[in-house]
Amino acid sequence: MTFKSDIQIAREASKRPIQEIGQKLGISSDDLLPYGHDKAKVSQKFINSVQERPDGKLILVTAINPTPAGEGKTTTTVGLGDGLNRIGKNAAVCIREASLGPNFGMKGGAAGGGYAQIVPMEEMNLHFTGDFHAITSAHNLLSAMIDNHIYWGNALEIDLRRVVWRRVVDMNDRALRQITASLGGVSNGFPRETGSTSPWRPKSWRSCASRAT
């Protein structure tokens, strides 16, 4: 017997329009900021409008599984969410956004697996709504501003040997962990040691919320 791979299952899934998913959760189309047909962000206006509602029930899924990377938490969470909806509960799953670093490393994707996974799996794992790109751009802008300030006179008298603000890239790239920047002459600034890190931080928990009915 052969079993379908995770990516086969994800690509064959019949996805519903995101507006239909929002309606099931009580979120109108006006409060959804769509990214294509099957992804969306929820407006801050809607989030503010539900602050006075009674709290729902929260289930935390956490584990150190008997595998090197601890796989299984997301799969368990998605399966639990499916099960709660199956028995008539109004449940939604909350997991962190995937990072390219672990995705292309030993850990792999962060969308679950088998028939208990998030779709569209590839988009969620690779770029999703672009938030990680926005974070890295904002972070690296500050990095560039520090070097630019030093180049144009260093009025704050920043010690080049003690700059701890590093650049970031959403990738596990060991070649960039420790580098020497600003080489190439006077116009490129003052050479100094620096490096890059990843903007993500691994989390050992997932959550599944069910609103009390």
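This passage describes local features of the predicted model, from helix α7 and its surroundings to backbone geometry in several loops.

Helix α7 spans residues 131-151. L142 lies in this helix. The residue is partly exposed, with a relative accessible area of 41%. L142 also belongs to a nonpolar patch on the surface. The other members of the patch are L141, M145 and W165. Together the four residues have about 390 Å² of accessible area. L142 can count towards such a patch because its relative accessible area of 41% is over the 30% that membership requires.

D147 is found in helix α7 as well. Its relative accessible area is 16%. D147 is therefore classed as buried, since the limit for that class is under 20%. L142, at 41%, is partly exposed. The side chain of D147 makes a polar contact with the side chain of R192, at 2.9 Å. Beyond residues up to four places away in sequence, D147 touches R167 and R192. R192 thus appears both in the polar contact and among the residues that D147 touches.

The loop between α6 and α7 holds F128 and T129. F128 has a positive phi of about 55°, although it is not a glycine. This residue is partly exposed, with a relative accessible area of 31%. T129 is buried, with a relative accessible area of 13%. The side chain of T129 makes a polar contact with the side chain of D131, at 3.4 Å. T129 is also in contact with Y35 and K41, leaving aside neighbours within four places in sequence. A further pairing in space involves K39. T129 and K39 are 90 residues apart in sequence. Their C-alpha atoms are 7.9 Å apart.

Two other loops show backbone features. The peptide bond from V119 to P120 is cis, with omega near 0°. P120 lies in the loop between β6 and α6. Strand β6 covers residues 116-117, and helix α6 covers 121-126. S182 has a positive phi of about 65° and is not a glycine. S182 is placed in the loop between β8 and β9. Strand β8 covers residues 179-181, and β9 covers 192-194. A positive phi at a non-glycine residue is thus found at S182 and at F128.

Note on methods: Residues are numbered from 1 along each chain as its sequence is written. This is a predicted model: local features need pLDDT of at least 70, side-chain atom pairs count only at pLDDT 80 or more; totals for chains, interfaces and linings use all residues. Side-chain values use heavy atoms; hydrogens and water are left out. Patches are made of residues with over 30% relative accessible area and no salt bridge: like charges are joined within 9 Å, nonpolar side chains (Val, Leu, Ile, Met, Phe, Trp, Tyr) within 5 Å. Accessible areas come from the Shrake-Rupley method with a 1.4 Å probe; for residues, only the protein chains shown count as cover. A salt bridge is a side-chain nitrogen of Lys or Arg within 4 Å of a carboxyl oxygen of Asp or Glu. Helices (H or I, at least four residues) and strands (E, at least two) are DSSP runs, numbered from the N terminus. Buried means under 20% relative accessible area, exposed over 50%, partly exposed in between (1.4 Å probe, protein chains only). A polar contact is a pair of N or O atoms within 3.5 Å; within protein, one must be able to donate a hydrogen and the other to accept it, and residues adjacent in sequence count only if both atoms are side-chain atoms. Contact means heavy atoms within 4.5 Å.
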